[in-house]
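Biologist: I would like to go through the cysteines and the aromatic rings of a model. Please give the general idea each time, then the case at hand.

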Amino acid sequence: MSDDHTGNETADADLRGAALPAGPHTFVRCDLTGADLREADLYESVFTDCRLDGARLDGAVLDGVRFSGGSAADASFAGASCCETRFERLDLANTRWKGALLTDTAFTGCRMTGAALTGLRGIGYAFESCNLMLARCERIDLRGQALHGLRVDEADLTGADLRGTVWTESRLRGATLVSARLDGADLRGADLGEPTLEEALHLRGAAITPEQAGTVLAALGIRVVG
């Protein structure tokens, strides 16, 4: 891999063992696989089509950073500061976010299967068109948000605050909603699958369509006759 540095931009470089310059800086198609970026100050930097698989970004300053394309699968963002950070079309499968500060941070079009989004701090973080299948989202706060294009199949939403959320073109098949708060939630645009009686009870307070209600009843062996 070549190492091209032009002004505040680094392109096509192998940076796996390098100390990154403090932001703002632009990285394009760089290899940061397994890089140790703990406590790094990357303020307002831009990462385009870079590889950060398995990287350690624990406690890093990522405020204003934009990640576009590329992969950071298995990376750790524990305790990182992500204020107004943007993650777009990035592979974030199996990433770890315990204690991360996600204030006004947006995830768009990201693959986040198996991600551990636990103990999050901050408000205003949002997800759009993301795959959160099997993700751990205990006590996540999405209150009042319009949630579009989310796949949350078999995710753990125990204790999540989903009050007033509006779901469109989304999936919640097999999601764990124990103790989740769904008052005023509109699930009419979500595929709920065929929940068991116990799972259906956790939908208390949410609005669903007659068709969804029929599916729930059918899964319980109850036939609705008009």
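**Cysteines and aromatic pairs**

Modeller: The count of disulfides comes to 0 in this predicted model.

Biologist: Why is Cys-130 not in a bond with Cys-110?

Modeller: A disulfide needs two cysteine sulfur atoms within 2.5 Å. The sulfur of Cys-130 has its closest cysteine sulfur in Cys-110, at 4.7 Å, which is too far for a bond. Cys-137 is in no disulfide either, as the nearest cysteine sulfur, that of Cys-130, is 11 Å away.

Biologist: Is Cys-137 buried or exposed?

Modeller: Buried means under 20% relative accessible area. Cys-137 has 3% relative accessibility, so it counts as buried. Cys-130, at 2%, is buried as well.

Biologist: How many aromatic pairs does the structure hold?

Modeller: There are 10 aromatic pairs. One of them is Phe-47 with Phe-67: the ring centres are 5.0 Å apart and the planes are at 10°, so this pair is stacked. Phe-47 belongs to strand S4 (residues 46-48) and Phe-67 to strand S5 (residues 66-68), so the pair ties together parts 20 residues apart in sequence. Phe-47 is buried at 2% relative accessible area, and Phe-67 is buried at 2% relative accessibility.

Biologist: What is the arrangement of Phe-87 and Phe-107?

Modeller: Planes under 30 degrees apart count as stacked. The planes of Phe-87 and Phe-107 are at 5°, with ring centres 4.8 Å apart, so the pair is stacked. The pair links strand S7 (residues 86-88), which holds Phe-87, to strand S9 (residues 106-108), which holds Phe-107. Phe-87 is buried at 0% relative accessibility, and Phe-107 is buried at 1%.

Biologist: Which residues form one aromatic cluster?

Modeller: The cluster consists of Phe-27, Phe-47, Phe-67, Phe-77, Phe-87, Trp-97, Phe-107, Tyr-125 and Phe-127.

Technical notes
Residues are numbered from 1 along each chain as its sequence is written. This is a predicted model: local features need pLDDT of at least 70, side-chain atom pairs count only at pLDDT 80 or more; totals for chains, interfaces and linings use all residues. Side-chain values use heavy atoms; hydrogens and water are left out. Buried means under 20% relative accessible area, exposed over 50%, partly exposed in between (1.4 Å probe, protein chains only). Rings of Phe, Tyr and Trp (its six-membered ring) pair if their centres lie within 6.5 Å; planes under 30 degrees apart count as stacked, over 60 as edge-to-face and the rest as tilted. Helices (H or I, at least four residues) and strands (E, at least two) are DSSP runs, numbered from the N terminus.
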